[in-house]
Amino acid sequence: MPKPDIIHNAVKNALIKDGWLVTDDPYVIQYRRTVLYADLGAERPIAVERNGQKLVVEVNSFVGVFKIQDLKEALGQYDIYPYLLEEIAPDRKLYVAVNKVAYNTFLLRM
């Protein structure tokens, strides 16, 4: 199982504060002989405005020495996970969470 990203708990707490119920930490994506781990699985309780929504969140802060390598890994996950989720959990939407610094200083410049 991969080590949680440095912003993992901040993302988890933000989801909870926004009314999400974190159901999986990590969210296991198992399809046939393949087992992958997304960072979080969450859903909205039925009583909440956006009832029935379910999501999978991949967390990445892009703090590694080689940011392009971090980006390649994140894009690979974001490319592969939807196909597997469509098979095992078609009701879940995939999101990538990044910190503000990485977004402003690295991702916006790509």
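## Ser-61, its loop and helix H2

A polar contact of 2.9 Å joins the side chains of Ser-61 and Asp-5. The model is a predicted one. Ser-61 sits in the loop that runs between strand S5 (54–59) and helix H2 (67–88). Its surroundings include residues well away in sequence. Setting aside neighbours within four places in sequence, Ser-61 is in contact with Asp-5, Ile-6, Ile-7, Asn-99 and Ala-102. Asp-5 is thus named twice: as a contact of Ser-61 and as its partner in the side-chain polar contact.

Is Ser-61 buried or exposed? Ser-61 counts as buried because its relative accessible area is 2%, and the cut-off for buried is under 20%.

**The loop residue Phe-62**

Phe-62 also belongs to the loop between S5 and H2. Its phi is positive, near 55 degrees, and Phe-62 is not a glycine. Phe-62 is buried, with a relative accessible area of 4%.

**Another positive phi: Arg-32**

Arg-32 is found in the loop between S2 and strand S3 (34–38). Arg-32 is not a glycine, yet has a positive phi of about 55 degrees. Is Arg-32 buried or exposed? Arg-32 is exposed because its relative accessible area is 71%, and the cut-off for exposed is over 50%.

The accessibility values for these loop residues are listed here.

| Residue | Loop | Relative accessible area | State |
|---|---|---|---|
| Ser-61 | between S5 and H2 | 2% | buried |
| Phe-62 | between S5 and H2 | 4% | buried |
| Arg-32 | between S2 and S3 | 71% | exposed |

**A cis peptide bond**

The peptide bond from Asp-25 to Pro-26 is cis. Its omega is near 10 degrees. Pro-26 lies in the loop between strand S1 (21–24) and strand S2 (27–31).

**Helix H2**

H2 has 22 residues. From first C-alpha to last, H2 reaches 31 Å, close to the 32 Å expected at 1.5 Å a residue. Where does H2 bend? The bend is at Tyr-81, by about 30 degrees. A proline, Pro-82, follows within four residues.

Tyr-81 is also one of the buried residues of H2. The others are Asp-70, Leu-71, Ala-74, Gln-77, Leu-84 and Leu-85. An α-helix has 3.6 residues a turn, so residues three or four places apart point the same way. What do the buried residues of H2 pack against? Their partners are S2, S3, S5 and strand S6 (92–97). S5 therefore appears on both counts: S5 packs with the buried residues of H2, and the loop holding Ser-61 lies between S5 and H2.

Note on methods
Residues are numbered from 1 along each chain as its sequence is written. This is a predicted model: local features need pLDDT of at least 70, side-chain atom pairs count only at pLDDT 80 or more; totals for chains, interfaces and linings use all residues. Side-chain values use heavy atoms; hydrogens and water are left out. Buried means under 20% relative accessible area, exposed over 50%, partly exposed in between (1.4 Å probe, protein chains only). A polar contact is a pair of N or O atoms within 3.5 Å; within protein, one must be able to donate a hydrogen and the other to accept it, and residues adjacent in sequence count only if both atoms are side-chain atoms. Contact means heavy atoms within 4.5 Å. The expected span of a helix is 1.5 Å times one less than its number of residues. The bend at a residue is the angle between axes fitted to the seven residues ending there and the seven starting there.
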